[in-house]
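Me: I would like a close look at one part of this protein, namely the place where negative charges gather on the surface. Please set that part in the context of the whole chain.

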Amino acid sequence: LTFVLILVWAAFAWGAGASGGLAGATFGIVAMLLLFGCITLHELGHSFLALRYGLRVREILLLPIGGVSQIEDLPNKPRQELLIALAGPAISIAISIVLFGISLAIGLGSTLASFDVSGSLVSLGWQGMLAYLAVANLVLGIFNLIPAFPMDGGRVLRALLAMRLEYRRATAVAVAVGEGLAMIAGLFGFITGNFILILIAIFVWIGASQEVGIADARRLLSEVRVGQVMTRAPRSLSTRDTLGRAVDLTLSTSQGDFPVVDRDGRVIGLLTREDVLRGLRSHGPSTPVVEVMHTSFSTAGPDEPLLLAQRRMASDDLEALPVVDEGDSLVGLLTSTDVGEAVALLSASRAGRKGE
């Protein structure tokens, strides 16, 4: 819906606002579509380099203020984070350079020298699109290099600091720089009445706060073992059970994901909440669980770091992992709720000790 609203705004800005009429409205819509295409290329720059380093990219999310590549985890080496962060702005600036060159070649040098984002571009016809996209990509590339989260420049700064400092400390310094810039931008926007600048300052401040939380959670999860937070003695299903049995257990225990074990107690399957719903819609409650369960799934060991298990859970899009011993016998169940509660309790405990 917001994307449609952006196109409506673009049509109005170039059509009615710039007195371009129907041609201006069409120009605005096409310009915005091409701009978001360039933003997608910017995010693909991040994503392809992350994939090269073995990281999983869940999706690229386009927002009214730009795009976000949702990379599941941070690279292990600061240099890799530095290159991934720089890849996006490099793509945008490269696009800008190419479009600037084409614009100069076809005689749009004067338009670039006195750039007007409104009526002058429409009056130039579709050649004005090159000037608009050239300037827009240059602004996009430079803006993202501002050293403040969630912009790419914040990650660049953290990566450079992490080459010298501990990761949590590097994050804290980078966040402090970003918050300082946000305060300056917000104050300047308030003084000058620039509402857009105030919104950007708020956006940067929130992004910086979230980055601190992510860094803290990562540190806490790396210090805790799976066996310390897992659900002990979870309810399990046998190969003879049906989906009706899973429904009964969910209603009586609130457990939504069930390990499926054989007669020797070894885990041979995982029945998720989605498996149950899909099976009920397709076949009904009398369906054996073995017909709809996951037969290929990840497990966790009780002695491994919680951070590794949480990454595996996120990578496989699961809400729970069976915890097994060396013989694949079930010893517990690790759920996303367990992970969230562990982070909340450990964070509160650390804060309490600091306040003593």
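Reply: Before turning to the patch itself, it helps to have the setting: in this predicted model, buried residues account for 41% of the 356 residues in the chain. The secondary structure amounts to 14 helices and eight strands, and the C-alpha trace extends over about 80 × 55 × 35 Å along its principal axes. The radius of gyration of the chain is 26 Å, whereas a compact globule of 356 residues would have one near 21 Å.

Against that background, the part you ask about is a negative surface patch, and the residues that form it are Asp303, Asp325, Glu326 and Asp328. Of these, Asp328 can be placed in the fold, for it sits in the loop that runs between strand β7, residues 320–324, and strand β8, residues 330–335. Its relative accessibility is 42%, and Asp328 therefore counts as partly exposed, because that class lies between the limit of under 20% for buried and the limit of over 50% for exposed.

For a contrast elsewhere in the chain, one may take a residue of positive charge, Arg281, which belongs to helix α12, spanning residues 273–282. Arg281 has a relative accessibility of 68% and so counts as exposed, since this value falls in the class of over 50%. Between the C-alpha atoms of Arg281 and Arg225 there is a separation of 38 Å, the two residues being 56 residues apart along the chain.

Terms used: Residues are numbered from 1 along each chain as its sequence is written. This is a predicted model: local features need pLDDT of at least 70, side-chain atom pairs count only at pLDDT 80 or more; totals for chains, interfaces and linings use all residues. Side-chain values use heavy atoms; hydrogens and water are left out. Patches are made of residues with over 30% relative accessible area and no salt bridge: like charges are joined within 9 Å, nonpolar side chains (Val, Leu, Ile, Met, Phe, Trp, Tyr) within 5 Å. Accessible areas come from the Shrake-Rupley method with a 1.4 Å probe; for residues, only the protein chains shown count as cover. A salt bridge is a side-chain nitrogen of Lys or Arg within 4 Å of a carboxyl oxygen of Asp or Glu. The place of a charge is taken as NZ of Lys, CZ of Arg, CG of Asp or CD of Glu. Helices (H or I, at least four residues) and strands (E, at least two) are DSSP runs, numbered from the N terminus. Buried means under 20% relative accessible area, exposed over 50%, partly exposed in between (1.4 Å probe, protein chains only). The radius of gyration is taken over C-alpha atoms; the globule rule is 2.2 Å times the number of residues to the power 0.38.
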